[in-house]
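Trainee: I am new to this structure. Could you walk me through a few of its features and show me how each one is judged?

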Amino acid sequence: MKGSLIVVGFFALGCLLGWSGWLPDVVIENDITVYVLYLLMFQVGLSIGSDKKLKDILGSIRPKLLLVPLATIAGTLVFSALVGLLLTQW
C-alpha cells in the first residue's frame with residue numbers, strides 16, 4: 001500500500017509541476033520523458049530477467065493462457081489497420 005501511495009504521489013507531483021510551469025524548458029523541449037520511460041522499461045526487464053524462478057514460471061504457463069494476450073495483439077493490429085484505411089487524411 002505504501003509503495004502505491006508513493007507512485008501516486010510522484011504522479012501527482014509531476015502533474016502539478018507540468019501544469020504550474022515550474023519545469024525547465026530543457027525538460028519540455030528535449031523530450032527527456034521518453035528516455036526516462038525507456039530507462040524504466042529497461043529496469044523492469046532487468047528485474048524480471050534476473051528472477052531465479054522465471055524459468056519455472058514460464059514452464060508452468062499453459063499454452064491456452066497465451067490466447068488472451070495473442071488475441072489482444074491481433075485485435076489491436078487488425079483494428080488499427082482498419083482505422084488506418086478509414087482515416088486517410090492522417
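Mentor: Gladly! The expected span of a helix is 1.5 Å times one less than its number of residues. Keep in mind that this is a predicted model.

Trainee: How do you know that α1 reaches about as far as expected?

Mentor: Helix α1 covers residues 2-20, which is 19 residues. From its first C-alpha to its last it reaches 27 Å, close to the 27 Å expected. After α1 comes G21, with a positive phi near 85°.

Trainee: What makes the lining of the largest pocket mostly nonpolar?

Mentor: T33, V36, L37 and L40 line that pocket, whose volume is about 160 Å³. Val and Leu count as nonpolar, so V36, L37 and L40 are the three nonpolar residues, and T33 is the one polar residue. No charged residue is in the lining.

Trainee: Why is the group with I57 and L77 called a nonpolar surface patch?

Mentor: Patch residues have over 30% relative accessible area, and nonpolar side chains are joined within 5 Å. I57, L58, I61, L65, L66, L70, I73 and L77 make this patch, of about 760 Å². Its largest share, three residues, comes from α5, while L66 sits in the loop between α4 and α5.

Methods:
Residues are numbered from 1 along each chain as its sequence is written. This is a predicted model: local features need pLDDT of at least 70, side-chain atom pairs count only at pLDDT 80 or more; totals for chains, interfaces and linings use all residues. Side-chain values use heavy atoms; hydrogens and water are left out. On a 1 Å grid over the protein atoms alone, a cavity is a set of points where a 1.4 Å probe fits but cannot get out, and a pocket is an open set with protein on both sides within 12 Å along at least five of seven lines; lining residues have an atom within 4 Å of a point. Grid points are joined across faces, edges and corners, and a volume is the space filled by probe spheres set on the points. Helices (H or I, at least four residues) and strands (E, at least two) are DSSP runs, numbered from the N terminus. Patches are made of residues with over 30% relative accessible area and no salt bridge: like charges are joined within 9 Å, nonpolar side chains (Val, Leu, Ile, Met, Phe, Trp, Tyr) within 5 Å. Accessible areas come from the Shrake-Rupley method with a 1.4 Å probe; for residues, only the protein chains shown count as cover. A salt bridge is a side-chain nitrogen of Lys or Arg within 4 Å of a carboxyl oxygen of Asp or Glu.
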